[in-house]
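Colleague: Could you take a close look at one part of this model for me? I'd like to hear about chain A, and about the side of it that touches chain B.

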Amino acid sequence: MEINWSAVLGIVFTPVIAFLVGVTYGGLTRRITARIQNRFGPPFYQNILDIIKLYSKESNINHGVMQHLGPVFAITASVTTLFFIPVIKDSPVFTNFSFNGDLIFLLYIMVFGSLGMALGAGQTGNPNSAIGVSRGLSQLVGYEVPFVMALVAIMVQFQTTSLNDLLAVQDHFTKWIIFQSPFAFLAAILAFLGMMGYAPFDVVIAPAEIASGPPSEFGGKYLGLMLTSRSIFTFAKLVLFTDIFLGGAHDFITLIIKTFILYMIPVLTGIVFPRFRTEQSIRFFWSWPLFFGILAILVVVF
Amino acid sequence: MNSIAYILLITFAGAGITFIVHHLIKPLRDIIAITVAASGLYFVIQSLTEKTKIVFGIADFNIIWGNTPYSNLFAVLIAVLGFLTILYARDFMAEKERLGYFYMNLLFVIGGMYGIVYSQDLISLFFFWEVMTWSSFLLVIYCCKEAQPIGLKYFVFSAIGAYSLLIAIVMIYAQTGNLELSNILQNFGNISEVNQIVIAVLLLTGFGVKSAIMPLHVWAPDSYSISPSPFTALFSGALSKMGIFGIGMVLFKFASHSGYFSYVKIILAWLGGITALLATFYAIFQTDAKKLLAYSSIGQLGYIIIGLAVGTPLSIAAALFLVILHGAFKAMLFMSVGAVYFRTGTTDMNSVTGLIRKMPLSFVTMLFGIITVSGVPPLGGFAAKWMLYESLIQSKHYFLVIVVFAASTAAFLYLYKLIFSLFLGQEEVEWSHVKEVPLLMLIPMLILSAFVLVAGIFPGLVLDPISHAMQYLGNYGFKYETSVLFNEWGNKINMQTVINVIGAVFLIAGLFVTFKGLKKTRYVTTKDIHTSGEIPEENENLTYAVDFYKPFERAIAPALKASIDKIYTAIGNNLEQAFDFLRYVYTGNGQTYAMYVVLFLSLLILFAELIFGIKL
């Protein structure tokens with residue numbers, strides 16, 4: 001059997017790059033937030049140090065099998081999502097398995113991790129975890145609806161459900177879908193705010209309210225794995241949005257620029273807004289984002 | 001004799017024998033019931049390879065039984081679920097009373113369903129339909145006195161369905177002069193278009209009652225939740241599919257002639273969508289596990305109806321795939337909840353909690369069940385959802401697909417609530433005595449769990465018989481491979497790759513987290529948790545289950561207020577008054593009923609020419 005070395009390279013390096021970029025973005029966010037709040041803030045590599053520290057800890061206790069597997073579910077979802085997204089356009093190394101899946105699959109695999117995490121958090125018996133999960137799932141229903149509307153509009157407009165086909169359509173920057181289908185972009189980017197979980201949509205972890213919710217009983221290697229997963233997942237979502245709306249990227253520098261700009265939207269929104277209550281958050285997603293979503297579909301249909 | 005004759009004979013005779021044996025030699029009863037169901041399964045498998053037909057005449061009518069690829073699909077579902085249900089019932093029902101009655105009716109239901117799918121003429125179809133309805137009604141009221149009003153509700157709706165079917169059958173006979181399916185299908189196009197529509201709508205109403213489409217669903221939640229768990233698994237898994245069986249026949253065999261049917265189909269598709277969404281919302285706020293599953297079942301059947309009504313090859317494939325899959329996963333879920341009931345004596349989600357370490361295999365079954373319902377890869381539910389979404393988008397049902405998607409995302413809420421409140425969460429002292437259910441109850445659950453896994457990785461294996469059935473329904477072909485699905489735009493999803501990637505990553509991460517710093521760890525109780533320095537007492541209740549989705553309820557309160565509070569209580573009140581009125585109608589006196597029948601018949605004869613266009 002002939003081994004496709006560029007594919008192997010992609011499988012090995014994509015998660016590593018995703019992790020490094022994601023974790024650096026996380027560190028930068030802490031720094032930026034601090035500067036805006038007129039603090040000094042930690043160095044940008046602080047999150048990497050945190051994760052290394054967490055991995056080197058030992059656990060003396062366990063809460064049962066599902067709690068043990070919760071973070072495994074989370075990272076499985078993150079890495080699988082990443083593998084089915086073409087990271088670099090037309091690259092034989094970084095397209096990975098993106099030809100074997102499509103947008104509907106991505107929609108579902110993206111919730112796989114949260115649901116697995118929810119099961120793990122459920123077994124710990126901490127009421128705060130349960131409250132967090134209840135809020136998270138409720139909010140999920142909120143933002144998935146406008147997000148799907150945006151995707152349906154795009155899928156119908158370009159008659160494809162494949163990310164690679166969408167990338168092929170956007171061969172010039174005037175043809176980026178953000179310009180071709182602006183309402184879909186508006187609906188999706190508002191849903192994206194909820195997806196990223198920064199304020200005002202941080203009802204799930206809600207620090208100082210429900211003691212960080214679902215992860216509250218996770219420590220050491222479990223928390224380390226969850227933070228790793230979160231970094232990879234952040235990167236995967238950013239690449240997904242770049243691929244759909246901003247024409248993807250031919251090289252890593254373009255990719256970094258595009259994803260960073262995208263990433264700053266939820267981060268900067270988060271800094272200036274206080275937290276919604278859960279029902280306010282859901283209602284928000286069913287107001288303007290939903291309106292833009294309907295508009296996007298109507299524009300395509302007529 | 002051929003297999004179909006054996007199937008019907010063995011099942012119906014077996015029902016009678018089981019009842020008699022119950023009163024003579026009790027221990028033999030279970031063995032006979034299991035043997036009957038097993039031989040039914042054996043002959044159904046035999047019948048798959050042969051194409052048979054039995055014809056005999058009763059009073060000028062030809063009674064025809066035979067099998068088609070379409071009926072084979074449903075027969076296998078009935079046979080497998082019937083067998084597993086009876087296997088499960090062995091231990092579940094062991095301590096109950098009137099078991100002869102229970103097993104006889106259970107076998108009658110199974111036999112009635114076999115009869116429905118094998119009927120090739122409308123007389124026997126209606127006969128078996130009534131057998132199924134009657135015996136399932138007797139099982140709904142099996143448990144206790146409280147079941148009687150619920151049973152009445154079920155029966156009234158079944159009667160509405162039966163009358164619609166009957167009127168449709170009489171109209172068909174009046175128009176075509178024949179009740180054999182093959183003849184009717186040939187001549188159906190010659191009937192005037194108005195009559196075609198009326199007949200189709202009447203048939204759809206009749207079949208729709210059993211599959212609980214809104215607004216004909218009212219009987220379902222209560223009937224599902226009060227009937228004994230083994231039967232509920234069959235009720236929701238197979239019996240509701242008989243409605244789907246009929247709707248499929250009507251939509252593709254009868255209704256392919258007139259241009260007006262496209263409107264009927266659109267209305268039906270939207271009814272399915274509304275059913276899916278509203279049933280899901282109701283399911284979220286249930287506190288009883290069986291009632292939650294009942295609403296979930298109504299919602300899932302909504303998806304199937306959508307798939308059939310949209311009518312593109314991919315959507316029909318999705319619907320039939322869901323028929324098989326829903327049979328499996330809803331049986332799994334009802335059995336798993338039944339297992340909880342078996343050990344704790346309640347299905348109240350506010351009181352049962354933290355059973356995962358006591359009933360690990362029931363937990364695994366429920367986990368597989370909810371993953372399949374939610375449609376998350378890699379289990380079978382994903383393949384079904386994928387085909388449904390793709391077909392809806394490609395057949396230009398853009399807003400319907402949003403409704404469906406909202407419904408299936410909201411389904412995560414009730415699914416998580418189900419598994420969280422029964423199996424996860426705080427471990428209470430009250431349930432410390434609970435242990436895993438007996439082996440005979442576990443076997444059906446685990447077999448079905450294995451099935452949904454296989455259906456997820458190799459959807460093609462399930463799609464093979466489905467594509468044969470679709471050939472019969474009207475030459476619908478669609479492209480698929482054993483583990484690769486294609487949509488109409490040529491995009492694909494390779495389930496083999498998906499499972500490989502998920503499996504590999506899961507294994508690596510799982511091994512890492514297990515062996516990283518591996519040492520003996522101490523299991524801490526669910527009271528020993530992060531509570532900001534406070535130490536909860538042993539008897540302190542930390543369970544978070546009551547009003548689990550309060551925020552969501554608040555968010556959709558305006559919508560629910562409009563629909564539930566006003567319209568629904570109004571309907572409810574009116575229905576109550578209607579039932580009050582029914583009390584005058586259903587006096588409980590046999591003579592009154594006889595008078596009704598005579599009155600109805602005389603009315604039919606009086607207005608026969610007006611209604612059916614025939615002179616009697």
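Modeller: Let's start with a yardstick: the radius of gyration is taken over C-alpha atoms, and the globule rule is 2.2 Å times the number of residues to the power 0.38. Keep in mind that this is a predicted model. For 302 residues, that rule puts a compact globule near 19 Å, and chain A comes out at 19 Å, so the two agree. The C-alpha trace of chain A spans about 55 × 55 × 40 Å along its principal axes, and 60% of the chain's 302 residues count as buried.

As for what chain A is built from, you get 12 helices and one strand. Reading from the N terminus, two helices come before the strand, and the rest of the helices follow it. Among contacts in chain A with a separation of 6 or more, 80% are between residues 24 or more positions apart.

Now for the side that touches chain B. The contact takes 67 residues from chain A and 59 residues from chain B. On chain A, the elements that each supply at least two residues are β1 (61-62), α3 (65-83), α4 (103-123), α5 (127-158), α9 (220-245), α11 (278-285) and α12 (288-301). The largest share, 17 residues, comes from α5(A). By class, this side of chain A has 36 nonpolar, 23 polar and eight charged residues.

The strand is worth a look too. Two bridges join β1(A) to strand β5 of chain B (residues 522-523), and the pair runs parallel. There, A:N62 stands opposite B:Y523 in β5(B).

Technical notes: Residues are numbered from 1 along each chain as its sequence is written. Chains are lettered from A and ligands numbered from 1 in the order in which they are written. This is a predicted model: local features need pLDDT of at least 70, side-chain atom pairs count only at pLDDT 80 or more; totals for chains, interfaces and linings use all residues. Two residues are in contact if their C-beta atoms, placed from the backbone, lie within 7 Å. Helices (H or I, at least four residues) and strands (E, at least two) are DSSP runs, numbered from the N terminus. Ala, Val, Leu, Ile, Met, Phe, Trp, Tyr, Cys and Pro count as nonpolar, Asp, Glu, Lys and Arg as charged, and the others, Gly among them, as polar. Two strands pair if DSSP finds at least two bridges between them. A residue is buried if 20 or more other C-beta atoms lie within 10 Å of its own, exposed if 12 or fewer, and partly exposed in between; C-beta atoms are placed from the backbone.
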